[in-house]
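Got your viewer open? Load the model, switch to cartoon view, and follow along one selection at a time.

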Amino acid sequence: MHKHTSLSTQASVLDSGLLDLLLQGKILTKEQLLTLDDQAEGNEEKFERLLLDGGYLTEEQLGQMKAQAFGWHFLDLKKEPLKQSDLALLPKAFAQGQEVVPLIKGETTCFALVNPQRGTLRRLLQKKFGFSFSMHFSVPSAVESALKEYEVGFTESCEALLRQYDASLGTKVVDDRSIV
């Protein structure tokens with residue numbers, strides 16, 4: 001394991017803008033930061049996991065700091081009431097595939113996602129809606145949890161009921177239910 005002589009090295013994740021905030025906020029000392037950076041071996045996700053597992057920050061605190069470091073808006077989905085009418089702005093399959101959560105705050109349409117700099121997604125949303133909206137950063141677990149709030153469709157409901165029925169029989173039933 002090599003020791004850093006400066007805060008900007010090739011295998012460092014500390015160039016992400018989080019460095020100053022972690023130091024200014026007195027979350028970590030310079031030595032702690034360098035040690036965690038060495039342990040992360042240049043992997044930003046591993047570095048973030050070390051911050052969380054070490055108890056230095058909660059996931060929401062890390063999310064707020066990342067948003068601040070990158071100039072993004074932060075949206076804590078865990079504190080936002082999600083309505084089915086908001087979620088209906090995007091088809092379930094699209095929202096899950098793109099990991100984006102639609103919601104309306106006041107009169108503003110917002111999209112919460114893990115990486116708000118996704119230009120392709122922004123262009124798709126602009127094409128679909130044709131009006132202004134805002135893109136916000138949210139922590140991965142909150143996006144994942146919010147996506148589970150989509151109402152289950154008819155086919156999924158039927159399949160779930162059939163699985164429960166099969167389980168209640170205690171035997172493996174041949175799947176001849178192609179009419180569902």
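Start with K26, which you'll find in the loop between α1 (18–24) and α2 (30–40). Keep in mind as you go that this is a predicted model. K26 has a positive phi of about 55°, although it is not a glycine. Most residues other than glycine have a negative phi. Is K26 buried or exposed? Its relative accessibility is 72%, so K26 counts as exposed.

Now jump to E99, in the loop between α6 and β2. E99 is not a glycine either, and its phi is positive at about 50°. With a relative accessibility of 46%, E99 counts as partly exposed.

Zoom out for a moment and show the whole chain. You should count nine helices and four strands. Walking from the N terminus, the elements come in the order α-α-α-α-β-α-α-β-β-α-β-α-α. Of the chain's 180 residues, 34% count as buried. The exposed surface of the chain comes to about 11200 Å², with 51% of that supplied by carbon and sulfur atoms. If you look at contacts between residues at least 6 apart in sequence, 54% of them join residues at least 24 apart.

Next, select β2 and β3. These two pair in the antiparallel sense, over six bridges. Show side chains and check who faces whom: V100 stands opposite L113 in β3, and P102 stands opposite F111 in β3. Then look at the hairpin these strands form, where two residues sit between them. G106 in this hairpin takes a positive phi near 65°.

Stay on β3 and add β4, residues 134–137. In which sense do β3 and β4 pair? They run parallel, with four bridges between them. C110 stands opposite S134 in β4. Trace the backbone from β3 through α7 to β4, and you'll follow a β-α-β crossover that is right-handed. While β3 is still selected, color it by accessibility: five of its six residues are buried, so the strand is mostly covered.

Time for α8. Pick out A142, V143, A146 and L147, the buried residues of this helix. Look down the axis of α8 and you'll see why they go together: the buried residues fall within an arc of 130°, so they line one face of the helix. What covers them? The cover over the buried residues of α8 includes α6 (92–98), β2 and β3.

From there, move to the interior. The largest nonpolar core has 23 residues, and L77, L90, V101, F111 and L125 touch the most other members. Elements that each supply at least two residues of this core are β2 (100–105), β3 (108–113), α7 (119–129) and α8 (140–147).

Center on V101 and display its surroundings. Which residues does V101 contact beyond its neighbours within four places in sequence? The list is L77, L82, L87, C110, F111, A112, V143, A146 and L147. You've already met some of these: V143, A146 and L147 are among the buried residues of α8.

For the last stop, select L36, F47, L51 and M65. They belong to a second, separate core, which has 14 residues.

Technical notes: Residues numbered from 1 in each chain as written. Predicted model: local features only at pLDDT ≥ 70, side-chain atom pairs only at ≥ 80, totals over all residues. Heavy atoms only, no water. Core = buried A, V, L, I, M, F, W, Y, C linked by side-chain atoms within 4.5 Å. Buried < 20%, exposed > 50% of the residue type's maximum accessible area, 1.4 Å probe, protein only. Contact = heavy atoms within 4.5 Å. Pairing = 2+ DSSP bridges. Right-handed = clockwise from strand over helix to strand, strands pointing away. Arc of directions from axis to C-beta. Areas by Shrake-Rupley, 256 points an atom, 1.4 Å probe, with all protein chains shown as cover.
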